[in-house]
Every structure is written in C-alpha cells, then in structure tokens.
Amino acid sequence: MENTIQDKLLSRKAVKVYDPEYKMTEQEIMDILEAANQAPSAWNLQHWNFLVVHSDEAKEKLLPLAYNQAQVKDSSATFIILGDKEANKNVDTVFNPAVEAGAITQDIKDVLTGQINGAYENEAYAVEAAIMNSAFPAMQIMNFATLKDLGTCAIGGFNRTAVQEAFNIDERYIPAMLITIGKSLKEPRTSSRRPVETITKFV
C-alpha cells in the first residue's frame, strides 16, 4: 500500500492538455481543498485563502490574464492560491479553540500573540511568510489530485496585478500562484531531475 501511494505521488507531472468535457463538481473540488487545508504553517496561522475559477465566465476572465494558456480554459477549474500578508489577524481564530480545549493556556496564547505581532511589524517578513506558507497547501492540492487520478499544473506566469483587480481580491492577499486541475487528455511530458547528490551537502 505504502509503495503504491509513493509511486503514484512520484508519477505526478505537469498537465498542460486537459479534457474540456470533464467537469468537477464543487463538492469534488472542496474535497481536494479540505486536504489542502491540513497543510502546515508557521504558528499554525494558515496563511492562505483559495479562489476557485470554476465557471466558464470566470475562466474567460482569467484566460488573458494568464497569457492565454489553454489549460486555464480547458481544465475543470483553476485555483488562485492567495497568500495572507496579515495572517497575524488569524490568532484568535487559531488559538482560542486550543485555549478552550485546554491544549494551551491563555498565558501561552498571549506569549505567542506577542511573538506573532512583533514579527508582523516587519512588512518584508509578512510578504515572505504569505508566499512561503501558501506554497504548502498548493503542494497538497497537487498531491491529493494525483491520488485521485487527476492532473494539475502550477502556473507562475500570470499578471498578478490584473488578477487582483479583475477578481476584486483584497490587498491583504497576494495571488501567489495558479493551479489548474482536471482530467489529462494526453500523457504529459516527462522532465528530468538533477541527481540529488549534486544538490545536497551535509554539514
């Protein structure tokens, strides 16, 4: 079982050609996002929101902003992964249930809140944390889609400013990447990887 799952995950490739007739339901998409939402994050602040481009109208709006990459139109959906630059505002939502459950004390929450708010006084850190932490659920999306025999492609080539404006995304969030998802129409191209021995150093 373990080897089967591992082999499947390692078989993931970037899908560029999707079956436009294959339509995922909102519930199928939510199942993927439920898994993605279990990703780790600094202080468990969960620095992400998801905007799902699912309707034909929304796809047509996104297509030119993603430089007319066909997978945006032909895939079942495109996730816009949003990194939260103000994730420190999630403190109460994240920590209050832990205090109420007795998992942490109010004193510990207060200490953590001080640490977090201190870090977020640095705007550069806030941006870096938003991008880094939102990458974790992005990989979860791709992994769990692979386990469901669905294809994905992470896209960094899009006009972030235009996407922000077109979809009325609050300035609190950074559109970090796009991920298309759907049924592959043809076998994706295989890409090589550098030998791990050449990029690893033990100290």
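**Exercise 1.** In which loop is arginine 172 found? State also whether arginine 172 counts as buried or exposed, and which residues arginine 172 touches.

*Solution.* The model is a predicted one.

Step 1. Locate the residue: helix H8 (160-166) and strand S4 (173-182) are joined by a loop, and arginine 172 is found there.

Step 2. Apply the cut-off: buried means under 20% relative accessible area. Arginine 172 has 16% relative accessibility, so arginine 172 counts as buried.

Step 3. List the contacts, leaving out residues up to four places away in sequence: Gly83, Asp84, Lys85, Glu86, Ala87, Lys89 and Asn90 are touched by arginine 172.

Step 4. Add the polar contact: the backbone oxygen of glutamate 86 is reached by the side chain of arginine 172 at 3.2 Å.

**Exercise 2.** Describe the largest pocket by volume, lining and residue class.

*Solution.*

Step 1. The space in the largest pocket is about 310 Å³.

Step 2. Its lining has 16 residues, with Arg12, Lys13, Ala14, Ser191 and Arg193 the closest to the centre.

Step 3. Helix H7 (residues 123-147) gives the most to this lining, namely 4 residues.

Step 4. Sorted by class, the lining holds 8 nonpolar, 3 polar and 5 charged residues.

**Exercise 3.** Repeat the description for the second largest pocket.

*Solution.*

Step 1. The second largest pocket holds about 260 Å³ of space.

Step 2. There are 14 lining residues; nearest the centre lie Ser11, Val15, Leu150, Gly151 and Pro188.

Step 3. The classes in the lining of the second largest pocket are 3 nonpolar, 5 polar and 6 charged residues.

Definitions and conventions: Residues are numbered from 1 along each chain as its sequence is written. This is a predicted model: local features need pLDDT of at least 70, side-chain atom pairs count only at pLDDT 80 or more; totals for chains, interfaces and linings use all residues. Side-chain values use heavy atoms; hydrogens and water are left out. Buried means under 20% relative accessible area, exposed over 50%, partly exposed in between (1.4 Å probe, protein chains only). A polar contact is a pair of N or O atoms within 3.5 Å; within protein, one must be able to donate a hydrogen and the other to accept it, and residues adjacent in sequence count only if both atoms are side-chain atoms. Contact means heavy atoms within 4.5 Å. On a 1 Å grid over the protein atoms alone, a cavity is a set of points where a 1.4 Å probe fits but cannot get out, and a pocket is an open set with protein on both sides within 12 Å along at least five of seven lines; lining residues have an atom within 4 Å of a point. Grid points are joined across faces, edges and corners, and a volume is the space filled by probe spheres set on the points. Helices (H or I, at least four residues) and strands (E, at least two) are DSSP runs, numbered from the N terminus. Ala, Val, Leu, Ile, Met, Phe, Trp, Tyr, Cys and Pro count as nonpolar, Asp, Glu, Lys and Arg as charged, and the others, Gly among them, as polar.
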